Amino acid sequence: MECPVSFDGLRSVLAGAAAVVVDVYSGSVRVDRKEDGSPITRADLRANDFLRRSLQELLPAGWLSEETVDDTDRLAREWVWVVDPGVWRTSSFAWRQEPMT
């Protein structure tokens, strides 16, 4: 089965998500806590929203993300986007310490 998404389209979406994170990073960053106690920032949530909207435009598919409530309807879909849109090392991101991605 051939992937119906172009590499250039995917690269464009990822560059857009990076720009969302950089925009948040340029301001103040507050770390909140999810229900499980793990850290989350506005960058995580904005990147998740951007990726969901943009990837669905590339290929309407099921969705599974660490930052979104799971919808098991995805299991009936031919394609599923599985993403972790969060900033790696959230606390380092918030305190502007290396390394973080």
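## Report on a predicted protein model

The protein contains 3 helices and 4 strands, and, read from the N terminus on, its elements follow the order α-β-β-α-β-β-α. The model is a predicted one, and the values below were computed from it. Of the 101 residues in the protein, 37% are buried, while the accessible surface comes to about 6700 Å², with 54% of that area belonging to carbon and sulfur atoms. Among the contacts with a separation of 6 or more, 45% join residues that are 24 or more positions apart.

### Nonpolar cores

In soluble globular proteins, nonpolar side chains tend to be buried together. The largest nonpolar core of this model has 12 residues in all, namely Val5, Val13, Ala17, Val20, Phe50, Leu51, Leu55, Leu59, Ala61, Trp63, Trp81 and Val83. At least two residues of this core are supplied by each of helix 1 (7-25), helix 2 and strand 4 (80-83). Apart from it lies another core, made of 6 residues, which include Val24, Val29, Ala43 and Val87. Within the largest core, Val20 touches Arg46, Ala47 and Phe50, when residues up to four places away in sequence are not counted.

### Residues of helix 2 and strand 3

Gln56 is part of helix 2, which covers residues 42-58, and with a relative accessible area of 22% this residue is partly exposed. When neighbours within four places in sequence are left aside, Gln56 is in contact with Leu51, Ala61, Gly62, Trp63 and Trp81. Gln56 and Trp81 stand 25 residues apart along the chain, and their C-alpha atoms are separated by 8.5 Å.

Asp44 also lies in helix 2. This residue is buried yet has no salt bridge, and the nearest side chain of opposite charge, that of Lys34, is 6.8 Å away. Because a salt bridge requires the nitrogen and the carboxyl oxygen to be within 4 Å, the 6.8 Å between Asp44 and Lys34 does not qualify. The side chain of Asp44 does, however, reach the backbone nitrogen of Thr41 at 2.6 Å.

Ser65 belongs to strand 3, residues 62-65, and counts as buried at 7% relative accessibility. Its side chain makes a polar contact with the side chain of Asn48 at 2.5 Å. Leaving aside neighbours within four places in sequence, Ser65 is in contact with Asn48, Val83 and Pro85.

### Salt bridges

Side chains of opposite charge can pair when their charged atoms come close. The count for this model comes to 6 salt bridges, and the table lists some of them, with the N to O distance and the relative accessible area of each partner.

| Positive partner | Negative partner | N to O distance |
|---|---|---|
| Arg11 (46%, partly exposed) | Asp8 (52%, exposed) | 2.4 Å |
| Arg30 (60%, exposed) | Asp32 (31%, partly exposed) | 2.9 Å |
| Arg74 (17%, buried) | Asp70 (40%, partly exposed) | 2.8 Å |

Arg11 and Asp8 both lie in helix 1, where they are 3 residues apart, about one turn of the helix. Arg74 is classed as buried because its relative accessible area of 17% falls under the 20% limit, whereas its partner Asp70, at 40%, counts as partly exposed. Elsewhere, Lys34, Glu66 and Glu67 are linked in a network of salt bridges.

Methods. Residues are numbered from 1 along each chain as its sequence is written. This is a predicted model: local features need pLDDT of at least 70, side-chain atom pairs count only at pLDDT 80 or more; totals for chains, interfaces and linings use all residues. Side-chain values use heavy atoms; hydrogens and water are left out. Buried means under 20% relative accessible area, exposed over 50%, partly exposed in between (1.4 Å probe, protein chains only). Contact means heavy atoms within 4.5 Å. Accessible areas come from the Shrake-Rupley method with a 1.4 Å probe; for residues, only the protein chains shown count as cover. Lys and Arg count as positive and Asp and Glu as negative; His and the chain ends are not counted. A polar contact is a pair of N or O atoms within 3.5 Å; within protein, one must be able to donate a hydrogen and the other to accept it, and residues adjacent in sequence count only if both atoms are side-chain atoms. A nonpolar core is a set of buried Ala, Val, Leu, Ile, Met, Phe, Trp, Tyr and Cys residues joined through side-chain atoms within 4.5 Å.
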